[in-house]
Amino acid sequence: MRAQSLDWFLERLRSVARIPASDDDNDLVTGLFLVSHEVEGMSEWQVRDGTVRIRAAGQEYRYLDE
């Protein structure tokens, strides 16, 4: 993905995260993305509780960025 598309994609992902629960379980959308950047390295995007949380990826995922 090109850098200029990142904001667009992140906003779409945030929109998906805000989709209300559709059944009695009240399950919201959840997911985990590992995002790699050539300069900034890898980050972890967590979709849960109606939001997207971004943080540095743990060392256990470094093999994916080699």
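Tyr 63 counts as exposed, because its relative accessibility is 55% and exposed means over 50%. This residue belongs to the segment after β3. Please keep in mind that everything described here comes from a predicted model.

A useful companion to Tyr 63 is Arg 14, which sits in helix α1. With a relative accessibility of 32%, Arg 14 counts as partly exposed. Both residues also appear in a pair of sequence and space separations, set side by side here.

| Pair | Apart in sequence | C-alpha to C-alpha |
|---|---|---|
| Tyr 63 and Gly 41 | 22 residues | 12 Å |
| Arg 14 and Glu 60 | 46 residues | 26 Å |

**The sheet**

Let us turn to the strands. An open sheet is built from three strands in the order β1-β2-β3, with antiparallel pairing. The edge positions are taken by β1 (31-37) and β3 (51-56); each has a single partner strand, so one side of each lacks a neighbour in the sheet. From one strand to the next, the twist averages 25°.

Between β1 and β2 (residues 41-48), seven bridges make the antiparallel pairing. Across this pairing, Val 35 stands opposite Ser 43 in β2. The connection from β1 to β2 is a hairpin through three residues.

On the other side of the ladder, β2 and β3 run antiparallel and are joined by six bridges. Arg 48 has Thr 51 in β3 as its bridge partner. These two strands also form a hairpin, with two residues between them, and Asp 49 in that turn has a positive phi of about 55°. As general background, strands of a sheet pair through backbone hydrogen bonds, in either a parallel or an antiparallel way.

**The helix**

Helix α1 covers residues 6-17, which makes 12 residues. At 1.5 Å a residue the helix should span 16 Å, and the end C-alpha atoms are indeed 16 Å apart, so the expected and modelled values agree.

Which residues of α1 are buried? They are Leu 10, Leu 13 and Ala 17. Looking down the helix axis, these buried residues fall within an arc of 60°, so they line one face of α1. The cover over them includes β1, β2 and β3.

**The core**

Helix and sheet come together again in the nonpolar core. The largest such core has six residues in all: Leu 10, Leu 13, Ala 17, Trp 45, Val 47 and Val 52. Two or more residues of this core come from each of α1 and β2. The largest share is that of α1, with three residues.

What does Val 52 touch, leaving aside its neighbours within four places in sequence? Its contacts are Leu 10, Leu 13, Arg 14, Ala 17, Trp 45, Gln 46 and Val 47. That list brings us back to Arg 14, the partly exposed residue at 32% relative accessibility, and it also includes Leu 10, Leu 13 and Ala 17, the buried residues of α1.

Conventions
Residues numbered from 1 in each chain as written. Predicted model: local features only at pLDDT ≥ 70, side-chain atom pairs only at ≥ 80, totals over all residues. Heavy atoms only, no water. Pairing = 2+ DSSP bridges. Helix = DSSP H or I, 4+ residues; strand = E, 2+ residues; numbered from the N terminus. Axes fitted to C-alpha atoms, helices over the stretch in contact; angles between N-to-C directions. Expected span 1.5 Å × (residues − 1). Buried < 20%, exposed > 50% of the residue type's maximum accessible area, 1.4 Å probe, protein only. Arc of directions from axis to C-beta. Contact = heavy atoms within 4.5 Å. Core = buried A, V, L, I, M, F, W, Y, C linked by side-chain atoms within 4.5 Å.
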